Amino acid sequence: MSILDCTALELGRKIKEKEITAVEATKAALEQMKAVEDKVHGFVSYDEESALKRAEEVQKGIEEGKYTGPLAGVPMAIKDNICTKGYATTCSSRILENFVPTYSAQAVENLIEAGVIFLGKTNMDEFAMGSTTETSAFGETKNPWNLEKVPGGSSGGSAAAVAANECFMALGSDTGGSIRQPASYCGVTGMKPTYGTVSRYGLIAYGSSLDQIGPIAKDVSDCAALLEVIASHDPKDSTSIGRDEYDFTSALVDDVKGMKIGIPKDYFGEGLDPEVKDAVLAAAKALEAKGAVVEEFELGLVDYAIPAYYVIAAAEASSNLSRFDGVKYGYRAKEYEGLHNMYKKTRSEGFGAEVKRRIMLGSFVLSSGYYDAYYLKALRTKALIKKEFDKAFEKYDMILGPVAPTTAPKLGESLSDPIKMYLGDIYTISVNLAGLPGISLPCGKDKNGMPIGLQLIGDCFQEKKIIQAAYAFEQTREYEAPEIAKGGARA
């Protein structure tokens, strides 16, 4: 078994038992990056020298008993919208191409304390706006299972890097499915925690009431272990919530007897690919065979989730992105006449088409005369969607459904039709609107060999329930890596 075939926890165990050193693991990941990065383009930047220097420090710390956690010495990647002190953080946008933060995100600080090694920053849709990782200013990321297809987005770089064995785990951010959907497309596991569980301090904001940092890894155990490290109460983030416990790995139990699982009929109607439907329902049958109680139910307001989400997210984006004006940091236009012209030229040249589209939509719905008609109505709809989930969780421990209507589309298909791209988020965005936890894990493949993801949604602060059910389902199938992860590619 090669080092790269290890899960993050297996690698951490081998390092602790002195079978492998953190330096050897880091070198193996860097070698894989050199072999496949020109094909996959999962990273926007990586620093071999600093990664190896950090690996040496961590190895010494492990030997001295400074780092004792299960992930100490494990190399990982960080999405490019999560601040890392002294290391460029660009949101894959020209407007921030020269931005080097003076501080690290709280989640990153937690990882440093746990003895994790950072390899580099992963590619993403610009400012996390997109579902394909094609809107990045630094080029598209490709799906390791088929280089002609998208990896999903906006955390497509993180999901592709994990699938291609370029790193053992990664951080992503999820505003409307941006961890779960790329995890589904790339055949890995991704989790969005309850809103407020992981500090947003140092996460460059897209939609502040929706954004949440979360883990992407090969399996459920790695996701639970990584979430345990990054989750914490942070007084620097006013939306951070102090929880009674952060022990997520204790839920890794192969037992779903008596668990009540609801399947929304609304998720299995028109627009869902038959192969995706069959794979997800087969997963439900597998959980039922293990003793879970599975039944269908009506989940209301599903059709209103997408319009509500895009109004709220765009409104918050137009406010959050107003700070990128060429004055304090980031890109500034070279030629301009006066302050207002500098703002216009900087933002016109610095932002990509999708970001401009969402800023304009957000500015429109917040403008005088439209605020009540669109933004306030969307907020009311958001509250009603949360009520529908509350009603469902009175009866069920969790909700089971697909992650996306189809498997990964071809590169270029979605960008030509933005509305089609937005509609692809139908099963994931309600989770963000209601602040709920959700996990995506592989449950099969389509006729072209592309991965299909299963989504489990829990009530607020019930991560352990969905981790337990996901872990139990995972025991019914083997983890599969794409050919490129083993040193070859199907293009």
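This is a short talk on the pockets, cavities, aromatic pairs, cysteines and backbone oddities of one structure. A caution at the start: the model is predicted.

Let me begin with the open space. The largest pocket has a volume of about 720 Å³. Its lining takes in 33 residues. Nearest the centre of that pocket are G271, P405, T406, K420 and G424. Which elements give two or more residues to this lining? They are α6, residues 180-186, then α9, and α13, residues 418-423. By class, the lining of the largest pocket divides into eleven nonpolar, ten polar and twelve charged residues.

Now the closed space. How many cavities of 30 Å³ or more does a search of the whole structure find? Two. The largest cavity has a volume of about 90 Å³. It is lined by 15 residues, and the closest to its centre are G130, S131, S178, Y309 and D425. The class split for this lining is four nonpolar, nine polar and two charged.

The second largest cavity has a volume of about 30 Å³. Its lining is made up of Y267, L299, G300, L301, V302, I385, E388, F389 and S430. Where does the largest share of that lining come from? From helix α12, residues 371-395, with three residues. By class, the second largest cavity is lined by six nonpolar, two polar and one charged residues.

On to the aromatics. The structure holds 15 aromatic pairs. Take F99 and Y329. Their ring centres are 5.4 Å apart, with 40 degrees between the planes, and the pair is tilted. Where do the two rings sit in the chain? F99 is in the loop between β2, residues 75-79, and α4, residues 106-113. Y329 is in the loop between α9, residues 302-320, and α10, residues 338-350. The pair therefore ties together parts that are 230 residues apart in sequence. Burial is not shared evenly here. F99 is buried, with a relative accessible area of 17%, whereas Y329 is partly exposed, at 32%.

Compare that with F389 and F393. Their ring centres lie 6.2 Å apart and their planes meet at 20 degrees, so this pair is stacked. Both residues belong to helix α12. They are four residues apart there, which means a separation of about one helical turn. F389 counts as buried, at 2% relative accessibility. F393 is buried too, with a relative accessible area of 10%. You have met F389 already: this residue is one of those lining the second largest cavity.

Back to F99 for a moment. Ring pairs link F99 and Y329 with F127, F324 and F351 into a cluster.

One more ring deserves a look. K236 lies over the face of Y201, at 4.8 Å from the ring centre.

Next, the cysteines. A disulfide is a covalent bond between the sulfur atoms of two cysteines. How many disulfides does the count give here? Zero, with sulfur pairs counted within 2.5 Å. C91 is in no disulfide. The nearest cysteine sulfur to that of C91 belongs to C83, and is 7.7 Å away. C91 is also buried, at 0% relative accessible area. Then there is C460. Why does C460 form no bond with C223? Because the sulfur of C223, the closest cysteine sulfur to that of C460, is 19 Å away, too far for a bond.

Stay with C91, and turn to the backbone. C91 has a positive phi of about 55 degrees, although this residue is not a glycine. Phi of S92 is positive as well, near 50 degrees, and S92 is likewise a residue other than glycine. Where are they? C91 lies in the loop between β2 and α4. S92 is found in the loop between β2 and α4. F99, from the tilted pair, is in that loop too. S92 is buried, with a relative accessible area of 0%.

Last item: a cis peptide bond. Which residues does it join? G153 and S154, with omega at about 5 degrees. S154 sits in the loop between β3, residues 117-122, and α5, residues 156-163.

To look at on screen, I suggest two places. One is the loop between β2 and α4, for C91, S92 and F99. The other is helix α12, for the F389 and F393 pair and for its share of the lining of the second largest cavity.

Notes:
Residues numbered from 1 in each chain as written. Predicted model: local features only at pLDDT ≥ 70, side-chain atom pairs only at ≥ 80, totals over all residues. Heavy atoms only, no water. 1 Å grid on protein atoms, 1.4 Å probe; cavity = no way out; pocket = protein on both sides within 12 Å on 5 of 7 lines; lining within 4 Å. Points joined across faces, edges and corners; volume = space filled by probe spheres on them. Nonpolar A, V, L, I, M, F, W, Y, C, P; charged D, E, K, R; others polar. Buried < 20%, exposed > 50% of the residue type's maximum accessible area, 1.4 Å probe, protein only. Phe/Tyr/Trp six-rings, centres within 6.5 Å; stacked < 30°, edge-to-face > 60°. Lys NZ or Arg CZ within 6 Å of the ring centre and 35° of its normal.
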